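Here are my comments on the model you sent, set out as numbered points. Please read them with the sequence and the structure open beside you.

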Amino acid sequence: MAAREAPTGAGERDMAMDGKPDRGRVEMDSEECKGCGLCVEACPPKVLLLSDALNHYGYHPARYAGVGCTGCGICFFVCPEPGAIMVLRLAAAA
Ligand code: SF4
Ligand code: SF4
């Protein structure tokens, strides 16, 4: 069972919890998501969760906790819905 949204709200910070900058950014289209939870289960650092809110299809869409994405792209490859997930790899700071 995929994790549901934590009440704390992880915040929209720029730095990962270990103090290092995030290496990736994941952008989710909540209206394209069917709430299957595959991305939530597959994400190695566990930075995706299912929202408490419903989208217009009546699913709990996946969302990014806001910090900790490594840019690995696994969520993109496991998602069955075209257009639900986009992963951007961030350039390392100079
Ligand atoms: S790109 Fe990797 S680390 Fe980032 S949200 Fe997707 S599975 Fe998780
Ligand atoms: S983003 Fe894709 S893999 Fe993740 S819950 Fe939604 S439909 Fe499933």
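1. Confidence. This is a predicted model, and its average pLDDT is 86, with 79% of the residues scoring at least 70. The stretch that calls for caution is residues 6–14, where pLDDT stays under 50 and for which the model nevertheless has ten contacts beyond four places in sequence. I would ask that those contacts be read together with the low score over residues 6–14.

2. Overall layout. The protein contains two helices and four strands, and these follow one another along the sequence in the pattern β-α-β-β-α-β. Among contacts with a separation of 6 or more, 69% join residues that are 24 or more positions apart. Of the 94 residues, 21% count as buried.

3. The shell around ligand 1. Which residues come nearest to this ligand? Of the 15 residues around ligand 1, they are Cys-43, Cys-69, Cys-72, Ile-74 and Cys-75. Strand S1 (24–28) and helix H2 (74–78) each contribute at least two residues to this shell. Sorted by class, the shell around ligand 1 comprises eleven nonpolar and four polar residues, with no charged residues.

4. The shell around ligand 2. Here, too, the shell has 15 residues, and the closest to ligand 2 are Cys-33, Cys-36, Cys-39, Ala-62 and Cys-79. The make-up by class is eleven nonpolar, two polar and two charged residues, whereas the shell around ligand 1 has no charged residues.

5. The nonpolar core. In soluble globular proteins, nonpolar side chains tend to be buried together. In this model the largest nonpolar core has 17 residues, of which Cys-39, Val-40, Leu-48 and Cys-75 touch the most other members. Helix H1 (38–42), strand S2 (48–50) and strand S3 (62–64) are the elements that give two or more residues to this core, and S2 gives the most, with three residues. Cys-39, which is also listed among the residues closest to ligand 2, is in contact with Leu-48, Ala-62, Cys-75, Val-78, Cys-79 and Ile-85 once its neighbours within four places in sequence are left aside.

6. Ala-42 in helix H1. Ala-42 is found in helix H1, and it counts as partly exposed because 17 C-beta neighbours lie inside 10 Å, a number between the limit of 12 or fewer for exposed and that of 20 or more for buried. Apart from neighbours within four places in sequence, Ala-42 is in contact with Ile-74, Cys-75 and Val-78. For the pair Ala-42 and Ile-74, a sequence separation of 32 residues goes with a C-alpha to C-alpha distance of 6.8 Å.

7. Tyr-64 and Leu-50. Is Tyr-64, in strand S3, buried or exposed? Tyr-64 counts as buried because it has 20 C-beta neighbours inside 10 Å, and 20 or more is what the criterion for a buried residue requires. With neighbours within four places in sequence set aside, Tyr-64 is in contact with Val-26, Met-28, Val-47, Leu-48 and Cys-69. The C-alpha atoms of Tyr-64 and Val-40 are separated by 9.3 Å, the two residues being 24 residues apart along the chain. Leu-50, placed in strand S2, is buried because 21 other C-beta atoms lie within 10 Å. Between Leu-50 and Tyr-64, which are 14 residues apart in sequence, the C-alpha to C-alpha distance is 8.7 Å.

8. The backbone at Lys-46. Most residues other than glycine have a negative phi. Lys-46, however, has a positive phi of about 55° although it is not a glycine, and I would draw attention to this residue for that reason. Lys-46 lies in the loop between H1 and S2, and it is exposed because only 12 or fewer neighbours are needed for that class and Lys-46 has 12 other C-beta atoms within 10 Å.

9. The segment before S1. Gly-19 has its place in the segment before S1, and it counts as exposed because it has 6 C-beta neighbours inside 10 Å. The C-alpha atoms of Gly-19 and Gly-68 are separated by 9.8 Å, although the two residues are 49 residues apart along the chain.

Key. Residues numbered from 1 in each chain as written. Chains lettered and ligands numbered in written order. Predicted model: local features only at pLDDT ≥ 70, side-chain atom pairs only at ≥ 80, totals over all residues. Near = placed C-beta within 6 Å. Nonpolar A, V, L, I, M, F, W, Y, C, P; charged D, E, K, R; others polar. Core = buried A, V, L, I, M, F, W, Y, C linked by C-beta atoms within 7 Å. Contact = placed C-beta atoms within 7 Å. pLDDT = per-residue confidence, 0-100.
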